[in-house]
2 protein chains.
Amino acid sequence: MSVHMRPSQALRLWQETALDEVRSGHPDLSFRQAAILLTIYLDPPPHTIRALAARLGVTKPVITRALDTMGAMNLVSRHRDPDDRRNVLVRRTVEGALYVERFGDRIVAKAAGLPL
Amino acid sequence: MSVHMRPSQALRLWQETALDEVRSGHPDLSFRQAAILLTIYLDPPPHTIRALAARLGVTKPVITRALDTMGAMNLVSRHRDPDDRRNVLVRRTVEGALYVERFGDRIVAKAAGLPL
DNA sequence: GAAAACGGATACGGTTCCGAAACGTTCAAC
DNA sequence: GTTGAACGTTTCGGAACCGTATCCGTTTTC
């Protein structure tokens with residue numbers, strides 16, 4: 001990864017990005033929801049409820065509820081696994097991909113504008 | 001213009017930090033709460049409810065409630081302004097300062113690709 | 001001194017979330 | 001077939017949070 005920054009820069013970056021996010025009027029995501037969303041979009045599929053719960057170190061209902069909420073926002077979608085109908089596969093959506101992409105771009109822009 | 005990263009690095013950094021935060025067992029902060037906390041710790045005081053609400057572009061009850069929650073976590077404290085007793089001044093706490101400091105250190109470590 | 005303006009907290013009805021436990025469905029083993 | 005495990009969801013009581021509106025104490029204005 002090898003990105004170099006000082007703690008004060010990291011904190012300022014986080015603050016400005018959070019402020020940006022709040023003011024954008026987007027629904028207020030929690031750390032948990034952000035972790036789930038980014039894992040779905042950055043880690044290779046397939047993503048099951050159980051695997052996500054293990055990755056975050058939380059219980060399955062936490063994932064189910066977070067997906068309910070983010071599904072209502074059209075950020076993710078759920079589909080039954082045809083090969084094993086017990087599984088639910090969590091997939092990306094166009095809207096979610098756009099959101100994640102813009103989010104990354106905003107962080108980069110903020111980082112570039114940080115004072116030395 | 002001091003911190004350089006690509007969008008994929010920014011997103012990965014955010015994911016790993018969020019995962020770290022979730023797994024730490026700390027209470028699950030929202031973007032709003034994080035924005036408030038970091039603003040109190042990074043911007044120069046004094047911090048009033050009204051000013052924080054304006055900075056985040058949200059209503060006053062949002063700030064009041066977030067401070068209730070974070071006050072219960074001992075991350076911030078409230079004090080009446082002796083000069084104008086209508087004002088409430090939001091101040092840092094030792095515990096909050098420690099939390100913010102460690103948070104910044106963790107981001108830096110993740111960015112460098114090093115274990116903490 | 002009375003009235004208006006200000007700053008923050010509170011009340012309200014509603015949604016989301018929590019952890020723990022129980023539930024239905026689906027698959028695998030025997 | 002029947003049993004047992006696996007997967008995700010739902011339930012429960014309780015807590016936190018939402019936006020809007022209102023309330024209370026304080027300060028300012030006239």
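Q: Which residues does Leu37(B) touch, leaving out those up to four places away in sequence?
A: This is a predicted model, so keep in mind that every value here is computed from it. Leu37(B) is one of the members that touch the most others in the largest nonpolar core, which holds 77 residues. Skip the residues up to four places away, and the partners of Leu37(B) are Leu29(B), Met70(B), Leu75(B), Val76(B), Tyr99(B) and Val100(B).

Q: Which residues touch the most other members of the largest nonpolar core?
A: Nonpolar side chains tend to be buried together in soluble globular proteins. Here the largest such core has 77 residues. The ones touching the most other members are Met5(A), Leu37(A), Leu67(A), Met5(B), Leu37(B) and Leu67(B).

Q: What kind of axis relates chain B to chain A?
A: Two copies of a chain are related by a rotation about an axis and a shift along it. Chain B lands on chain A with an RMSD of 0.2 Å after a turn of 180 degrees and a shift of 0.0 Å along the axis. The two copies are therefore related as by a two-fold rotation axis.

Q: Which residue of chain B comes closest to the rotation axis?
A: Go by C-alpha atoms and look for the smallest distance to the axis in chain B. That distance is 2.0 Å, and the residue is Ser30(B).

Q: What percentage of the contact residues of chain B recur in chain A?
A: Both copies use the same surface to meet each other. You can put a number on that by asking how much of chain B's contact set turns up again in chain A, and the value is 95%.

Q: What order of helices and strands does chain A follow along the sequence?
A: Start with the inventory: chain A has five helices and three strands. Now read them off along the sequence, and the pattern is α-α-β-α-α-β-β-α.

Q: Is Thr17(A) buried or exposed?
A: Thr17(A) sits in helix H1 (residues 7-23) of chain A. Beyond its neighbours within four places in sequence, Thr17(A) is in contact with Phe103(A), Ile107(A), Lys110(A) and, from the other chain, Trp14(B). The cut-off for buried is under 20% relative accessible area. Thr17(A) has 1% relative accessibility, so it counts as buried.

Q: Which element gives the most residues to the surface near DNA strand C?
A: There are 19 residues around DNA strand C, and the closest are Arg32(A), Gln33(A), Thr69(A), Arg85(A) and Lys60(B). The elements supplying at least two residues each are helix H2 (31-42) and H4 of chain A together with helix H3 (49-56) and H4 of chain B. With four residues, the top giver is H4(A).

Q: Which residue has a side-chain N or O atom 3.3 Å from a base nitrogen of DNA strand C?
A: Start with the backbone: an N or O atom of Arg85(A) lies 2.7 Å from a phosphate oxygen of the strand. Turn to the bases, and a side-chain N or O atom of Arg86(B) is 3.4 Å from a base oxygen. The base nitrogen at 3.3 Å pairs up with the side chain of Arg65(A).

Q: How many charged residues does the surface near DNA strand D have?
A: Of the 20 residues around DNA strand D, the nearest are Arg50(A), Lys60(A), Arg32(B), Gln33(B) and Thr69(B). Among the strand's atoms within 4 Å of the protein, 66% belong to sugar or phosphate. Sort the surface by class and you get five nonpolar and five polar residues, while the charged ones come to ten.

Q: Which peptide bond of chain A is cis, with omega near 0 degrees?
A: Most peptide bonds are trans. In chain A, look at the loop between H2 and strand E1 (47-48), where Pro46(A) lies. The cis bond there runs from Pro45(A) to Pro46(A).

Q: What is the phi of Asn74(A) near?
A: Most residues other than glycine have a negative phi. Asn74(A) is in the loop between H4 and strand E2 (76-80) of chain A, and it counts as partly exposed at 42% relative accessibility. Its phi is positive although Asn74(A) is not a glycine, with a value near 65 degrees.

Key
Residues numbered from 1 in each chain as written. Chains lettered and ligands numbered in written order. Predicted model: local features only at pLDDT ≥ 70, side-chain atom pairs only at ≥ 80, totals over all residues. Heavy atoms only, no water. Core = buried A, V, L, I, M, F, W, Y, C linked by side-chain atoms within 4.5 Å. Buried < 20%, exposed > 50% of the residue type's maximum accessible area, 1.4 Å probe, protein only. Contact = heavy atoms within 4.5 Å. Least-squares fit on C-alpha atoms with pLDDT ≥ 70 in both. Near = heavy atom within 4 Å. Nonpolar A, V, L, I, M, F, W, Y, C, P; charged D, E, K, R; others polar. Polar contact = N/O pair within 3.5 Å; in protein donor to acceptor, adjacent residues only side chain to side chain.
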